[in-house]
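This report is for a reader new to this structure. Please look through the sequence and the model before reading on.

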Amino acid sequence: MSDQNSGQPQPPENQMDEDAIAFAQGLFELARKGAAGLLVPLLDAGVPVDIRTSNGETLLMLAAAGNHADTVQLLLEKGANPEATDVDGTTALGHARAAGAQDTIAKLSQ
C-alpha cells in the first residue's frame with residue numbers, strides 16, 4: 001500500500017486486497033445482523049474481535065446499534081473492548097443508546 005495517506009483507507013491495489021475487504025465487509029454485516037453463531041468460528045479462528053470499519057466502528061458497536069444483545073454478549077466474552085470509540089468518539093454503549101437498544105444497553109452496563 002502507498003504511504004500517501006497513512007492511516008486513511010486506500011483503494012485496493014490487487015485482488016487479494018479486494019478479497020480481504022470483502023471478507024471484512026462480510027464480518028461487519030454479520031455483526032449488524034446479530035449473527036452470533038456465524039461469528040463464533042471466525043473469531044475462534046483468529047479474526048480480531050476489535051476489527052474496525054473505515055469509520056472506526058467495531059463489531060461490538062455494530063451489534064450494539066442493532067440491539068443484538070446475544071451478539072454483544074458473545075463479543076464481550078471474546079474480549080471486545082467496550083471502551084473503544086469510533087471516529088466520532090462514540091462507544092458501543094453510545095451506539096446502543098442512540099438506537100434505543102434497551103437489551104443491549106443492559107448488557108453493556110453490566
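What share of the contacts in the protein chain with a separation of 6 or more comes from residues 24 or more positions apart? In this predicted model, such residues account for 58% of those contacts.

The protein chain contains six helices and zero strands, so its elements, read from the N terminus on, follow the order α-α-α-α-α-α. Of its 110 residues, 35% count as buried. The accessible surface of the chain is about 6,300 Å², and carbon and sulfur atoms hold 48% of this area.

The largest nonpolar core has 28 residues. Within this core, L39, L43, L59, L60, L75 and L108 touch the most other members. The elements that each give two or more residues to the core are listed here.

| Element | Residues |
|---|---|
| α1 | 15–33 |
| α2 | 36–44 |
| α3 | 59–65 |
| α4 | 69–77 |
| α5 | 92–99 |
| α6 | 102–108 |

The most residues come from α3, which gives six.

One core member, L108, has contacts with L60, A64, V72, L76, A92, L93 and A96, when neighbours within four places in sequence are left aside.

A charged residue, E57, is found in the loop between α2 and α3. E57 is buried but has no salt bridge. Its nearest side chain of opposite charge is R32, 4.6 Å away; a salt bridge requires a distance within 4 Å, which is why this pair does not count as one. Residues up to four places away in sequence not counted, E57 touches I51, R52, L62, D86 and H95.

Terms used: Residues numbered from 1 in each chain as written. Predicted model: local features only at pLDDT ≥ 70, side-chain atom pairs only at ≥ 80, totals over all residues. Heavy atoms only, no water. Helix = DSSP H or I, 4+ residues; strand = E, 2+ residues; numbered from the N terminus. Buried < 20%, exposed > 50% of the residue type's maximum accessible area, 1.4 Å probe, protein only. Contact = heavy atoms within 4.5 Å. Areas by Shrake-Rupley, 256 points an atom, 1.4 Å probe, with all protein chains shown as cover. Core = buried A, V, L, I, M, F, W, Y, C linked by side-chain atoms within 4.5 Å. Lys, Arg positive; Asp, Glu negative; His and termini not counted.
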